[in-house]
Amino acid sequence: MFFHISDIAHVTSEVKEYEVVFLAALVGMNKREKEKVINHLAKHMADGAILVLRSAPSATKITNIVCQMF
């Protein structure tokens with residue numbers, strides 16, 4: 001297992017190398033920013049890759065966004 005920490009706004013083709021991508025649940029300040037980050041990841045992730053959201057007390061909002069998208 002390998003962890004690469006990066007500013008998600010700058011991640012592009014290199015994320016295609018991973019089968020699983022972990023994302024901090026508190027990324028973004030509001031729903032729109034969170035959707036922007038998830039859409040950016042979806043655009044650059046490999047087909048069939050899994051997006052895992054790190055749990056946090058207020059992670060319910062971002063979890064709901066992801067569930068609605070998939």
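## Overall make-up

What percentage of the 70 residues in the chain do buried residues make up? The share is 26%. The model described here is predicted.

The chain holds two helices and two strands. Read from the N terminus, these elements follow the order β-α-β-α. Contacts between residues at least 6 apart in sequence join, in 71% of cases, residues at least 24 apart. The exposed surface of the chain comes to about 5,400 Å², and 57% of that surface is supplied by carbon and sulfur atoms.

## Helix α1

Helix α1 covers residues 31–44, a run of 14 residues. At 1.5 Å a residue, its expected span is 20 Å, and the C-alpha atoms at its two ends lie 20 Å apart, so the expected and modelled values agree.

Which residues of α1 are buried? They are Lys34, Val37, Ile38, Leu41 and His44. Because these residues cover an arc of only 135° around the axis, they sit on the same side of α1. An α-helix has 3.6 residues a turn, so residues three or four places apart point the same way. The other side of α1 carries Arg32, Lys36 and Lys43, which are exposed.

## Histidine 44 and the segment before β1

Histidine 44 belongs to helix α1. Its relative accessible area is 15%, which is under the 20% limit, so histidine 44 counts as buried. Setting aside residues up to four places away in sequence, histidine 44 touches Val11, Thr12, Ser13, Val15 and Lys16.

Alanine 9 is located in the segment before β1. Is alanine 9 buried or exposed? With a relative accessibility of 54%, over the 50% limit, alanine 9 is classed as exposed. Between the C-alpha atoms of alanine 9 and leucine 41 there are 8.9 Å in space, while 32 residues separate the two in sequence. Leucine 41 is itself one of the buried residues of α1.

## Strands β1 and β2

Strand β1 spans residues 20–24 and includes phenylalanine 22. Alanine 24 also lies in β1. The relative accessible area of alanine 24 is 30%, which falls between the limits of 20% and 50%, so this residue is partly exposed. Alanine 24 and valine 52 are 28 residues apart along the chain, and their C-alpha atoms are separated by 8.7 Å.

Strand β2 is made of residues 50–54, and isoleucine 50 is part of it. Isoleucine 50 has 47% relative accessibility and counts as partly exposed. How far apart in space are isoleucine 50 and valine 21, C-alpha to C-alpha? The distance is 6.2 Å, for a pair 29 residues apart in sequence. Apart from neighbours within four places in sequence, isoleucine 50 is in contact with Glu19, Val20, Val21 and Met45.

## Nonpolar surface patch

Which residues form a nonpolar patch on the surface? The patch consists of Phe3, Val20, Phe22 and Ile50. Together these residues have about 400 Å² of accessible area.

Among the members of the patch, phenylalanine 22 is placed in β1 and isoleucine 50 in β2. Val20, another member, is one of the residues in contact with isoleucine 50.

Note on methods. Residues numbered from 1 in each chain as written. Predicted model: local features only at pLDDT ≥ 70, side-chain atom pairs only at ≥ 80, totals over all residues. Heavy atoms only, no water. Helix = DSSP H or I, 4+ residues; strand = E, 2+ residues; numbered from the N terminus. Expected span 1.5 Å × (residues − 1). Buried < 20%, exposed > 50% of the residue type's maximum accessible area, 1.4 Å probe, protein only. Arc of directions from axis to C-beta. Contact = heavy atoms within 4.5 Å. Areas by Shrake-Rupley, 256 points an atom, 1.4 Å probe, with all protein chains shown as cover. Patch = residues over 30% accessible without salt bridge, like charges linked within 9 Å, V, L, I, M, F, W, Y side chains within 5 Å. Salt bridge = Lys/Arg side-chain N within 4 Å of Asp/Glu carboxyl O.
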